[in-house]
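Reader: I'm new to this one, so could you walk me through it step by step?

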Amino acid sequence: MAAATDGGGLPLLADKAASHSHHHHPERHFTSGEVVRDVIMGVSDGLTVPFALAAGLSGASAPSSLVLTAGLAEVAAGAISMGLGGYLAAKSEADHYQREMKREQEEIIAVPDTEAAEIGEIMSQYGLEPHEYGPVVDGLRRNSQAWLDFMMRFELGLEKPDPKRAIQSALTIALSYVIGGLVPLLPYMFISTAQNAMLTSVGVTLVALLFFGYIKGRFTGNRPFLSAVQTAIIGALASAAAYGMAKAVQTR
């Protein structure tokens, strides 16, 4: 049986299939990279540093209450330090963008022909010929803000930062550090003997490191299982080093 056609003889079924394919094309782009980076930074340090500290103090035969007190103090100090670092980094990035934007704006006003020629150079890197990118250059020259945005992104490689980025980064990193840091300290809240608490902490923290490494691999596009193993190994080495150092000092 012949396929149904419209007045011009084109198959309607093909049109419907093409239309359906066009409208239901999935877009799987991840756009929260900065937040994920902050979470990874906070949780990874939070799991590793207090874990190593608790292991070191346990190796020095400190009681669980002392390990817990020192661990919580480190978590608080670490969260503040990490959060402040994230804030300053994001603030510096925003300040750098503003300085470069002001400089680029002055260049567009002072030497517009030179800046317009740079648009053409950028376009030619993508394989476009002068007759193809000429209208684009003319259009950008008529729109000063679009011209400035184009130069910032494609000439300087700078994306406009979110005005709230600094505060969000600080809070995300600090909160992530606290969440990660409490995991290795939980056993010391319920087990009075530091050695027994440390063994439980090792198991709990290694499981948390494996889980976190797997999730990190999923979000960053790396192999999840390899990421899980690498993260766990790094945390285990850090705690083993701290425990060994504490034992070495104690024997002297």
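Author: Sure, with one definition to start: a residue is buried under 20% relative accessible area, exposed over 50%, and partly exposed in between. Keep in mind that this is a predicted model.

Reader: Then is Y214 buried, exposed or partly exposed?

Author: The relative accessibility of Y214 is 28%. Buried needs a value under 20% and exposed a value over 50%. So Y214 counts as partly exposed.

Reader: How many aromatic pairs turn up in the whole structure, and what kind is the pair of F150 and F154?

Author: A search of the whole structure gives two aromatic pairs. For F150 and F154, the ring centres are 4.8 Å apart and the planes make an angle of 35°. Planes under 30 degrees apart would be stacked and over 60 edge-to-face, so this pair is tilted.

Reader: Where do F150 and F154 sit, and how far apart are they along the helix?

Author: Both belong to helix 6, which covers residues 144-155. They are four residues apart, so what separates them is about one helical turn.

Reader: Is F150 buried or exposed?

Author: F150 has 12% relative accessibility. The cut-off for buried is under 20%, so F150 counts as buried.

Reader: Which helix gives the most to the largest nonpolar core?

Author: That core has 16 residues, and F150 is one of those with the most contacts inside it. Helix 3, helix 4, helix 5 and helix 6 each supply at least two of its residues. With five residues, the one that gives the most is helix 6.

Methods
Residues numbered from 1 in each chain as written. Predicted model: local features only at pLDDT ≥ 70, side-chain atom pairs only at ≥ 80, totals over all residues. Heavy atoms only, no water. Phe/Tyr/Trp six-rings, centres within 6.5 Å; stacked < 30°, edge-to-face > 60°. Buried < 20%, exposed > 50% of the residue type's maximum accessible area, 1.4 Å probe, protein only. Core = buried A, V, L, I, M, F, W, Y, C linked by side-chain atoms within 4.5 Å.
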